Amino acid sequence: MNATPGLIVPAPCQISGRPSRSEAESAVRTLIQWAGDDPDREGLVATPDRVVRSYEEFFAGYDQDPVEMLQRTFEETDGYDEMVILRDITLESHCEHHMVPIVGKAHVAYLPDRRVVGISKLARVVEVFSKRLQIQEKLTAQIANTINEVLQPKGVAVIIEAAHQCMTTRGVHKPGVTMVTSRMLGVFRENAATRKEFMSLIR
């Protein structure tokens, strides 16, 4: 295992005074009543429990540390010095403004500097940050910045393409629209040829 000297490891994002499970279920009952229905009718009586359990899954990222996931690296690469790309990572998150789904895919690449990380860990970093209330711009930056800070590679590139239900099922009602965000660090930002190679490989 290789720890990064001098790295300040942020704690998972949590708040103090977290409501109890029963308080969360009560809040769901209130929303059902506010919507105009009866939380005690047969079809809805178990809904508060189901919603809270689904939220535990949707927002599991608050209880996980992406930095810790990247700490174990490997230096036995036999001189490999080309980019490592994980393409088409399924991404499911929730908009922090309306708490509705953001669904899409992420492409993640880095150019190693002597050491590499297991590829599943890259997908897990995407998963952890996406399982929090998000805006896509921040999500893209968090993934790239964390990989860059922990692995200290020659460069990192992250592109996210996603559809936001806050604009497809409400508000402006524009289905079929995809938002694309990118974060390029190191050689991916500084070297146009490296950036172009990455873009061609993810297509």
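This tour moves from the two domains to their boundary, then to aromatic pairs and one helix.

**Before you start.** This is a predicted model: local features need pLDDT of at least 70 and side-chain atom pairs count only at pLDDT 80 or more, while totals for chains, interfaces and linings use all residues. Residues are numbered from 1 along each chain as its sequence is written, and side-chain values use heavy atoms, with hydrogens and water left out.

**Stop 1: the domains.** Select residues 21-61 for domain 1 and 64-202 for domain 2. These bounds come from an automatic or database domain assignment. Taken over C-alpha atoms, the two centres are 32 Å apart.

**Stop 2: the boundary.** Here six residues of domain 1 are in contact with seven of domain 2; contact means heavy atoms within 4.5 Å. The two domains bury about 620 Å² between them, with 58% of it on carbon and sulfur atoms. Buried area is the accessible area (1.4 Å probe) that two parts lose on being put together, summed over both. Now select Phe58, Phe59 and Gly61. They supply 76% of the area that domain 1 buries against domain 2, more than any other three residues.

**Stop 3: the aromatic pairs.** The structure holds four aromatic pairs. Rings of Phe, Tyr and Trp (its six-membered ring) pair if their centres lie within 6.5 Å; planes under 30 degrees apart count as stacked, over 60 as edge-to-face and the rest as tilted. Select Tyr55 and Phe59. Their ring centres are 5.2 Å apart and their planes stand at 85°, so this pair is edge-to-face. Phe59 is buried at 11% relative accessible area, while Tyr55 is partly exposed at 36%. The cut-offs are under 20% for buried, over 50% for exposed and in between for partly exposed (1.4 Å probe, protein chains only). Add Phe58: ring pairs link Tyr55, Phe58 and Phe59 into a cluster.

Next, select Phe188 and Phe198. This pair is edge-to-face too, 5.8 Å centre to centre with 75° between the planes. Phe188 lies in helix α7 (residues 187-190) and Phe198 in helix α8 (residues 192-202), so the pair ties together parts ten residues apart in sequence. Both are buried. Helices (H or I, at least four residues) are DSSP runs, numbered from the N terminus.

**Stop 4: helix α5.** Select residues 136-151, the 16 residues of α5. The end C-alpha atoms are 23 Å apart, which agrees with the 22 Å expected at 1.5 Å a residue. That span is 1.5 Å times one less than the number of residues. Colour the buried residues, among them Leu139, Ile143, Ile147 and Val150. Look down the axis: the buried residues of α5 fall within an arc of 160°, so they line one face of the helix. The arc is that of the directions from the helix axis to the C-beta atoms. Finish at Gln152, just after α5, with its positive phi of about 50°.

How values were computed
Helix = DSSP H or I, 4+ residues; strand = E, 2+ residues; numbered from the N terminus.
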